[in-house]
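Colleague: Could you take me through the charged side-chain pairs in this chain, one question at a time, and show the reasoning behind each answer?

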Amino acid sequence: MLWSESWSGYADGKRAPVGGLADESLAKRLRIYKRQVAKRYRVIDPEQIERLLTQGPYHISTKLDGELWFLVKREGEVALCAYNGRVLRETPLAKEAERLLADAGDVILAGELVAEPESGSGRARVHHVATALGSDELEKTLSFHAFDLVEDDGKDTLLVDYDARVTRMKELLDGGQRVSVVETVVGEPADVVRLYREWVVSDRFEGLVVRSERGLTYKIKSTLTLDAVIIAFGERITGEVHQVREMSVALLRDDGTFQLLGAVGNGFGEQDRADWFQRLSPMQVESRFRLANREGTLSKFVAPKIVVEIRCSDLLASDSWDAPIRRMSLRYTENKGWEPIRETPTAVMIHPIFLRERTDKKVDVESIGMTQITSRVPLSSPDEKAAPIEQKPAEVVRRAVFSKTTKAKVAVRKYMVIDTHKGDERSYPPYVTFFTDYSPGRKEPLQTALRTASTMEHAERQVVEWMGKNIKRGWSEEEQARVGELVPPPPEAAKILAPKKK
């Protein structure tokens, strides 16, 4: 079994980084599980348990604060794999799993990879996993807790009754110390309420996962609230009524700049949306920063004056590739409006819901400061200043113009390759190709297209493809307009553009 080709040493074993899993079919299987199963969990408040859960029975499990990983056996070998392609092999934890699965066929178990805090006190948190994976010494703090059987003996088991899956997982991992099955009991809604008090309120676990016999899965955990200021809104039109589609909100950094936090579009009634539109529309201000909303249009920026309270189920500080999440920091002045500064590390809200306006709160650090998120999740560089950075301007590195005259009318087609000089920044593509097609006799005379490219070679392939479709008989190059070298055209276009013999 070729697990990876990018190993590095880790705790007497080896690990592969994000994207390191070599078996693409296995990697796809893990991604599908996360997308189709794990993400369909319905998050509910503890106060909703008795209202939403009807008569059981339910499988009630502890919810651990870790990372989703999979215990996989293929061709007699065992590895721990994450959906983003990270792999652990031959570490003490993986060796225990290999011993437990010695008599099993090919299997995939989904579970939580958890790390106990280095201090030994307090419950495990998700960021402890990243710390443990970065230290050989802390490998001993890791443990794997299976909560689902995805495949057994090479067969899909997700449609098998969950009670049978739990029984089989306990058989497979019987006797494990660091590799086990999450604690699961069968009970009624009253048991869910009781266990929430015993397991969660006591801060032993992050929450509960409750599975019904009808296939519904509930994630029950306490929610958190944030106070933030409205900086923009997206508009939608229902019939002839203009409404707020969503609000974009920000926190205030210690240096007086605003950290974009995200958008909230739930928690509004239809009349609320119309009332908010009437209130926010007169507050519009200029902005050099553009922000798209879920209607596919640009959001309208407003003066930062209204503080609102938002509830969310969690905060997330890194994306699926383990890269720190960054959002734009902005500066606001009354005469210039909003100006972007640079992207800085932050966390984003999961399942945000608008609760209410906070007229008792002010737009100051004490009311809407960053500590609301830094006290809950560690940021990659929380002290990073929102200072502008010197950026080299974008540059046109390839440009060619072609023309064709028909009945005294000149048609023009051209391409440009632009080096953004910002390829190291995640929010900019390294290269942009821009194509123009002007035909004076056409109903829509001017047509344009814009594409992005990761490398110069990629950009030139796009140009070659475009020339193959657009440079036909009768077209010639306006050489005086050329910038940089001409991208070598495909054979048919090359014949057309070749100098004519006299």
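Colleague: Is D437 buried or exposed?
Modeller: This is a predicted model, and the relative accessibility computed for D437 is 12%. Because buried means under 20% relative accessible area, D437 counts as buried.

Colleague: Which residue forms a salt bridge with D437, and how far apart are the closest N and O atoms?
Modeller: The partner is R442, which at 26% relative accessibility counts as partly exposed, whereas D437 is buried. A salt bridge requires the nitrogen to lie within 4 Å of the carboxyl oxygen, and the pair formed by D437 with R442 has its closest N and O atoms 3.5 Å apart.

Colleague: Which residue forms a salt bridge with R86, and where in the chain are the two?
Modeller: The closest N and O atoms of R86 and its partner E67 are 2.6 Å apart, and both residues are buried. The pair links distant parts of the chain, 19 residues apart, with R86 in the loop between β6 (77–82) and β7 (87–89) and E67 in strand β5 (residues 67–74).

Colleague: Which residue forms a salt bridge with E206, and in which strand is that residue?
Modeller: E206, in the loop between α6 (189–201) and β13 (207–212), is linked to a residue 15 positions away in the chain, and both residues are buried. With the closest N and O atoms 2.9 Å apart, the partner is K221, in strand β14 (residues 217–221).

Colleague: By this rule, how many salt bridges does the count come to?
Modeller: The pairs discussed here include R86 with E67 and E206 with K221. Under the rule of a side-chain nitrogen within 4 Å of a carboxyl oxygen, the count comes to 36 salt bridges.

Notes. Residues numbered from 1 in each chain as written. Predicted model: local features only at pLDDT ≥ 70, side-chain atom pairs only at ≥ 80, totals over all residues. Heavy atoms only, no water. Helix = DSSP H or I, 4+ residues; strand = E, 2+ residues; numbered from the N terminus. Buried < 20%, exposed > 50% of the residue type's maximum accessible area, 1.4 Å probe, protein only.
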